[in-house]
Amino acid sequence: MPIGKLANHDNKIGEEIYSLIKELFPICRSITGNGVRQTLKIIGSHIPLEVYEVPSGTPVFDWTVPKEWNIRDAWVKDSNGLKIIDFRKSNLHVVNYSIPIKTKMPLAKLRPHLFSLPEHPAWIPYKTTYYKESWGFCLSHNQLCSLTEGDYEVYIDSTLSDGSLTYAEYLIPGELKDEILISTHICHPSLANDNLSGVCTTVFLAKHLAVQKLRFSYRILFIPGTIGAITWLQRNFDGVGRIKHGLVLSGVGDSGKITYKKSRRGGAEIDRVVAHVLRQSADTYSIEDFSPYGYDERQYCSPGFDLPVGRFSRTPYGKYHEYHTSGDNLDFIRVESLGESIATLIDILEILEGNRVYTNLVPHCEPQLGKRGLYGQVGPNQLSMLWVLNLSDAHHSLLDIAERSDTSFRVIREAADLLDQAGILKEVLHSVGRQS
């Protein structure tokens with residue numbers, strides 16, 4: 001059975017995704033800490049999560065789980081006691097992972113700890129200092145230029161101490177133990193597209209999958225970027241062989257075209273399926289070759305694992321001006337983009353679920369379709385049936401046939417279902433179609 005289509009119109013589900021983004025937007029998240037836990041608690045009210053805590057100092061391959069960071073307040077006051085930078089107004093104002101500090105200093109000494117964007121003078125940048133103990137503040141360039149000489153009071157009420165790294169997963173069982181991995185990073189503070197759009201779209205994708213009859217099992221991961229994926233892979237080393245297909249979801253809410261980054265393999269089934277779906281759509285799209293830079297696909301595709309995991313996004317990271325700035329706010333994302341993204345993802349998963357290999361039980365010349373009631377059938381055209389019959393040789397998958405015939409997978413699948421019901425086809429179990 002194919003995955004059911006969305007019960008609601010794309011924009012309706014987009015509105016629901018946007019509503020969750022709006023709820024999560026104010027939370028200050030990082031690669032560790034209470035912001036991540038608070039976020040996962042809210043997500044857990046939508047889907048059941050298994051939450052894991054990995055102690056600081058735990059070795060994970062060539063890395064080490066860092067100390068846990070939490071922040072309560074931060075500000076800079078001028079010589080008149082006026083708060084000119086205030087964490088409570090925007091959590092982007094503090095460099096993420098800043099150590100605690102309480103001191104007074106002249107502007108000349110403060111300047112090296114201030115970060116702005118001269119090219120976008122009204123926006124606040126997003127900066128981090130995860131693996132170097134330091135501190136800093138981010139502010140608009142307009143505000144930076146307005147600062148006058150004098151003493152400034154600097155205060156960051158944070159802790160950086162032994163704790164844990166928090167991540168969560170949701171396993172949706174299917175008929176097979178083979179898994180499809182859906183991974184999204186949850187470590188960014190108030191940034192809407194990167195990556196609350198990916199997080200919240202993943203939540204609603206999981207909700208949709210949970211009520212379907214599935215062939216594959218689905219492992220949904222909510223993890224801090226980089227260190228979270230590395231930690232998960234270390235802790236699940238013996239089970240990654242079950243992952244047959246995978247997607248990293250990020251930046252799926254902006255108005256740009258859908259962009260897919262291939263897995264390291266380049267011709268994995270997931271790469272071919274996404275390309276087929278995008279090619280059959282009426283919209284513009286972009287497909288990029290793999291590179292070892294980006295989001296967590298680079299961990300899943302590292303040579304020791306080489307998992308068939310690609311990245312699904314809209315405008316790629318770093319290629320829109322709002323990226324990692326206060327410009328990536330709730331006004332930047334689009335309900336219709338969120339709806340289109342999740343609908344496209346469901347189309348992709350429907351093909352992965354429905355791709356089969358068959359053998360033609362009447363292989364010598366064409367079988368007579370008329371006496372089986374298949375000639376002139378409404379739905380799949382006769383040519384699609386002939387393509388399925390001709391290439392169902394226990395080697396070609398339905399995706400192979402769809403690509404070869406330049407026909408949508410759904411039409412080919414419908415033709416195969418009719419031929420199967422008529423007793424002309426038989427599914428070849430545990431077979432795999434052509435892999436480039």
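**Cavities and helix crossings**

In the lining of the largest cavity, five residues are nonpolar, four are polar and two are charged. The model in which this cavity is found is a predicted one, and a tour of its interior may begin here. Rolling a probe the size of a water molecule over the atoms shows where empty space is left. In this structure there are two cavities of 30 Å³ or more. The largest of them has a volume of about 50 Å³. Its lining is formed by Asp194, Ser250, Gly251, Tyr295, Arg311, Ser313, Thr315, Pro316, Tyr317, Tyr320 and Tyr323.

The second largest cavity holds about 40 Å³ of space. Around this second largest cavity stand Arg29, His185, Ile186, Cys187, His188, Leu191, Asn195, Leu196 and Val199. By class, five of these residues are nonpolar, three are polar and one is charged. Which helix contributes the largest share of the lining of the second largest cavity? That share, three residues, comes from helix α5, which spans residues 192-209.

Two residues named above lead to a special feature of the backbone. Asp194 lines the largest cavity, and Asn195 lines the second largest. These residues, Asp194 and Asn195, are joined by a cis peptide bond, with omega at about 10°. Asn195 has its place in helix α5. A further backbone feature is found at Tyr97, which is not a glycine and yet has a positive phi of about 85°. Tyr97 belongs to the loop between β5 (83-86) and β6 (101-106). To place both features in context, one may recall a general point: most residues other than glycine have a negative phi, and most peptide bonds are trans.

The next topic is the way in which helices meet. Helix α7 covers residues 269-280 and helix α9 covers residues 335-354; their axes come within 9 Å and cross at roughly 125°. At this angle α7 and α9 are therefore oblique to each other. The crossing of α7 and α9 is right-handed. From α7, the contact involves Glu269, Ile270, Val273, Val274, His276, Val277 and Leu278, while α9 supplies Thr344, Asp347, Ile348, Ile351 and Leu352. Eight nonpolar, two polar and two charged residues make up this contact of α7 with α9.

Farther along the chain, helix α11 (residues 398-405) meets helix α12 (residues 409-421), with axes that come within 9 Å and cross at roughly 125°. The helices α11 and α12 are therefore oblique to each other, and their crossing is right-handed. On the side of α11, the residues in contact are Leu398, Leu399, Ile401, Ala402 and Ser405; on the side of α12, they are Phe409, Ile412, Arg413 and Ala416. Sorted by class, this contact of α11 with α12 has seven nonpolar residues, one polar and one charged.

How do α9 and α12 lie with respect to each other, roughly parallel or oblique? Their axes come within 11 Å and cross at roughly 30°. Angles under 35 degrees count as roughly parallel, and α9 and α12 are therefore roughly parallel to each other. The crossing of α9 and α12 is left-handed. Here Asp347, Glu350, Ile351 and Gly354 of α9 meet Phe409, Arg410 and Arg413 of α12. The contact of α9 with α12 comprises two nonpolar residues, one polar and four charged.

Certain residues link these helix contacts. Asp347 and Ile351 of α9 take part in the contact with α7, and Asp347 and Ile351 also meet α12. In α12, Phe409 and Arg413 meet α11, and Phe409 and Arg413 likewise meet α9. The reader may follow these residues in the structure from α7 by way of α9 to α12 and on to α11.

How values were computed:
Residues numbered from 1 in each chain as written. Predicted model: local features only at pLDDT ≥ 70, side-chain atom pairs only at ≥ 80, totals over all residues. Heavy atoms only, no water. 1 Å grid on protein atoms, 1.4 Å probe; cavity = no way out; pocket = protein on both sides within 12 Å on 5 of 7 lines; lining within 4 Å. Points joined across faces, edges and corners; volume = space filled by probe spheres on them. Nonpolar A, V, L, I, M, F, W, Y, C, P; charged D, E, K, R; others polar. Helix = DSSP H or I, 4+ residues; strand = E, 2+ residues; numbered from the N terminus. Axes fitted to C-alpha atoms, helices over the stretch in contact; angles between N-to-C directions. Parallel < 35°, antiparallel > 145°, perpendicular 65-115°, else oblique. Left-handed = near helix turned anticlockwise from the far one by under 90°. Contact = heavy atoms within 4.5 Å.
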